[in-house]
Amino acid sequence: MTITITAFERSPDGGKGLARDTRVRWALEEAGLPYDVRLVSFRAMKEPAHLALHPFGQIPTYEEDGLVLFETGAIVLYIAQRHGGLLPEDANARARAVAWMFAAVNTVEPPILELVTARIFEGDKPWSKERLPLVEERVRDRLRQLSAHLGDAEWLDGPFSAGDLMMVSVLLRTRPSGILDEFPTLAAYVARGEARPAYQRAFAAQLAVNAPPAHP
Ligand SMILES: N[C@@H](CCC(=O)N[C@@H](CS)C(=O)NCC(=O)O)C(=O)O
């Protein structure tokens, strides 16, 4: 079995681990699966060879013995369903972990993506100063709710699961804005995720691509 994922040839975040290949790398590391990485340029992502793997011309993709997947939620779920450690055995607990995966990408990530757009791509627009506080407040609303739910718990629902993997990955994207640190409960939750050896390996692997050590 050979697993190949795609990742940015050079991530715009310069190696902060915010590009979405990191969450797939993390899942593969949690599952103990070796994988290859094919790096793609922004131009190559929009060319037919890559569009055949990913209809929206994005990264990451996942290839394994004739199977091609895109969408990180689907990729992480596929890995989690086939290998131990990322989903509970109990059927109800498993369904709840999957619900948290969807919550991460479908409820929490959208306002965070708006924030990234507002800060990075719309920062030079004349209306940006007025819009940004509105977008930030939408992110805070979600983070307040999530923080209240998490409370003193270590993870979202019992032991660490793919739901936490996706949620931590999504929350990491609020760090550059400073908003994550406004929520100490969530900042500590994210730090617990980052402290996992599998995350550390995933982070180091993407860093080696995006900020390779300088040679003397
Ligand atoms: N919903 C998709 C989003 C994929 C996505 O936005 N990928 C970004 C990198 S993190 C990308 O390829 N951006 C370049 C582009 O859209 O041209 C997923 O979770 O896989």
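Helices (H or I, at least four residues) and strands (E, at least two) are taken from DSSP runs and numbered from the N terminus. On that numbering, E71 falls in the loop between β4 and α4 (72-82). The model described here is predicted. It contains a mixed, open sheet of four strands, a pair of packed helices, α5 and α7, and a ligand whose surroundings include E71.

**Ligand surroundings**

- The residues around the ligand are A19, R20, M45, G57, Q58, I59, E71 and T72.
- Sorted by class, this shell holds three nonpolar, three polar and two charged residues.
- I59, one of the residues around the ligand, is joined to P60 by a cis peptide bond with omega of about 0°.
- P60 itself sits in the loop between α3 (48-51) and β3 (61-64).
- E71, also part of the shell, has a positive phi of about 75° although it is not a glycine.
- E71 counts as partly exposed because it has 17 C-beta neighbours inside 10 Å, where a buried residue would need 20 or more and an exposed one 12 or fewer.
- Q58 is another residue of the shell, and its C-alpha atom is separated by 9.8 Å from that of A44, which is 14 residues apart from Q58 along the chain.
- A44 belongs to helix α2 (residues 42-45) and is partly exposed, with 14 other C-beta atoms within 10 Å.

**The sheet**

- The strand order in the open sheet is β2-β1-β3-β4, and the pairing is mixed.
- β2 (36-40) and β4 are the edge strands, each pairing on one side only.
- On average, and with direction ignored, neighbouring strands of this sheet are turned by 20° against each other.
- Strand β1 (residues 3-8) runs parallel to β2, and five bridges join the two.
- In that pairing, F8 stands opposite V40 in β2.
- β1 and β3 run antiparallel and are joined by three bridges, with T4 opposite E63 in β3.
- β3 and β4 also run antiparallel, here with four bridges.
- E63 has V68 in β4 opposite it, in addition to its position opposite T4.

**The β3-β4 hairpin**

- Two residues lie between the strands in the hairpin of β3 and β4.
- D65 is located in this loop, between β3 and β4 (67-70).
- The phi of D65 is near 45°, which is a positive value in a residue other than glycine.
- D65 is exposed, since 7 other C-beta atoms lie within 10 Å and 12 or fewer is the limit for that class.

**Packing of α5 and α7**

- Two packed helices are described by the angle between their axes and the distance between the axes.
- For helix α5 (residues 91-121) and helix α7 (residues 162-171), the angle is about 10° and the axes are 7 Å apart.
- This angle makes α5 roughly parallel to α7, because angles under 35 degrees count as roughly parallel.
- On the α5 side, the contact is made by A97, W100, M101, A104, V105, V108, E109 and I112.
- On the α7 side, the residues are A162, G163, M166, M167 and V170.
- By class, the contact of α5 with α7 has eleven nonpolar, one polar and one charged residues.

**Burial of α7**

- Ten of the ten residues of α7 are buried, so the helix is largely enclosed by the rest of the structure.
- The buried residues of α7 include D164 and S169, as well as L165, V168 and L171.
- Also buried are A162, G163, M166, M167 and V170, which are the α7 residues that meet α5.
- The elements covering these buried residues include α1 (21-31), α4, α5 and α8 (184-195).

**A position in α9**

- A208 is part of helix α9 (residues 197-210).
- A208 counts as exposed because it has 11 C-beta neighbours inside 10 Å, and 12 or fewer places a residue in that class.
- From C-alpha to C-alpha, A208 and H54 are 24 Å apart in space, and they are 154 residues apart in sequence.

Technical notes: Residues are numbered from 1 along each chain as its sequence is written. This is a predicted model: local features need pLDDT of at least 70, side-chain atom pairs count only at pLDDT 80 or more; totals for chains, interfaces and linings use all residues. A residue is near a molecule or strand if its C-beta atom, placed from the backbone, lies within 6 Å of it. Ala, Val, Leu, Ile, Met, Phe, Trp, Tyr, Cys and Pro count as nonpolar, Asp, Glu, Lys and Arg as charged, and the others, Gly among them, as polar. Axes are lines fitted to C-alpha atoms, for helices over the stretch in contact, and angles run from 0 to 180 degrees between N-to-C directions. Angles under 35 degrees count as roughly parallel, over 145 as roughly antiparallel, 65 to 115 as roughly perpendicular and the rest as oblique. Two residues are in contact if their C-beta atoms, placed from the backbone, lie within 7 Å. Two strands pair if DSSP finds at least two bridges between them.
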